[in-house]
Amino acid sequence: MTDEVVLRRAVAADARATADVYLRSFDTALPTVVRPHTDDEVREYIRDVVVPFRETWVAEAADGGIVGLMVLDGELLSQLYLDPEWRGRGVGDRFVALAKERSPGGLNLWTFQVNRPAHRFYERHGFAAVEFTDGSGNEEREPDVRYVWRP
């Protein structure tokens, strides 16, 4: 149930758990995509850049564990990852609703073309695919798709 989860801004103490959610989610959802950074590099980036300098939100379960993260940069929804065990429980829906509230003029995001569940999720929330690339513009060199939501 989503009432077991509180969405709140991330603080420095959340960085490690937030990075671990990202790593578990990425590895589960995108097993064929090669990550260009080690686990430790991802943890450092989230600790040193994402949490302190980005609008980073976490989903905190009743037991205090971090089960999801979302990063906004103006109209860019740059990251939305859930712990694999928390998918399908409405947490992602709540994150998208929050993103729309924070950016009422519209949102855009990128996701990999191989991530079909993400396509269905975002399309269900009113996003439309507007651009497909060969992946030459991302670190993973993985074909991606840009989605846009406008109210």
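Two rings of Phe, Tyr or Trp form an aromatic pair if their centres lie within 6.5 Å. By that criterion, the structure described here, which is a predicted model, holds 6 aromatic pairs. Two of these pairs are taken up below, after a look at the fold as a whole.

The protein is built from 4 helices and 7 strands. Read from the N terminus, the elements follow the order β-α-α-β-β-β-α-β-α-β-β. The radius of gyration is 15 Å, close to the 15 Å that the globule rule gives for 151 residues, so the protein is as compact as a globular protein of that length. Measured out along its principal axes, the C-alpha trace spans about 40 × 35 × 30 Å. Of the 151 residues in the protein, 47% are buried. Among contacts with a separation of 6 or more, 64% are made by residues 24 or more positions apart.

The surface comes next. About 7,900 Å² of the protein is exposed, and carbon and sulfur atoms supply 49% of this area. As for charge, there are 19 positive and 26 negative side chains, and the centres of the two sets lie 3 Å apart.

Which residues do ring pairs link into a cluster? The members are Y22, F26, Y81 and F112. Within the structure's 6 aromatic pairs, Y22 and Y81 form one that is edge-to-face, with 4.7 Å from centre to centre and 75° between the planes. Y22 belongs to helix α1 (residues 15-29) and Y81 to strand β4 (residues 76-82), so this pair ties together parts that are 59 residues apart in sequence. Both partners can be placed with the 20% cut-off for burial in mind. Y22 has a relative accessibility of 12% and therefore counts as buried. Y81, at 16% relative accessibility, is likewise buried.

Another pair is formed by F121 and Y122. Their ring centres are 5.1 Å apart and their planes stand at 75°, so this pair is edge-to-face. F121 counts as buried because its relative accessibility is 16%, and Y122 is buried too, with a relative accessible area of 7%.

Attention now turns to the C-terminal strands and the loop that joins them. Strand β6 covers residues 128-132 and strand β7 covers 144-149, and R141 is placed in the loop between the two. What is notable about the backbone of R141 is its phi, which is near 60°, a positive value in a residue other than glycine. Is R141 buried or exposed? With a relative accessible area of 53%, R141 is exposed, since the cut-off for that class is over 50%.

A128 is found in strand β6. At 38% relative accessibility, A128 counts as partly exposed, a class that lies between the 20% and 50% limits. Leaving aside neighbours within four places in sequence, which residues does A128 contact? The contacts of A128 are with R146, Y147 and V148. For A128 and V145, which are 17 residues apart along the chain, the C-alpha atoms are separated by 10.0 Å.

How values were computed:
Residues numbered from 1 in each chain as written. Predicted model: local features only at pLDDT ≥ 70, side-chain atom pairs only at ≥ 80, totals over all residues. Heavy atoms only, no water. Rg over C-alpha atoms; globule rule 2.2 N^0.38 Å. Buried < 20%, exposed > 50% of the residue type's maximum accessible area, 1.4 Å probe, protein only. Contact = heavy atoms within 4.5 Å. Areas by Shrake-Rupley, 256 points an atom, 1.4 Å probe, with all protein chains shown as cover. Lys, Arg positive; Asp, Glu negative; His and termini not counted. Charge placed at Lys NZ, Arg CZ, Asp CG, Glu CD. Phe/Tyr/Trp six-rings, centres within 6.5 Å; stacked < 30°, edge-to-face > 60°.
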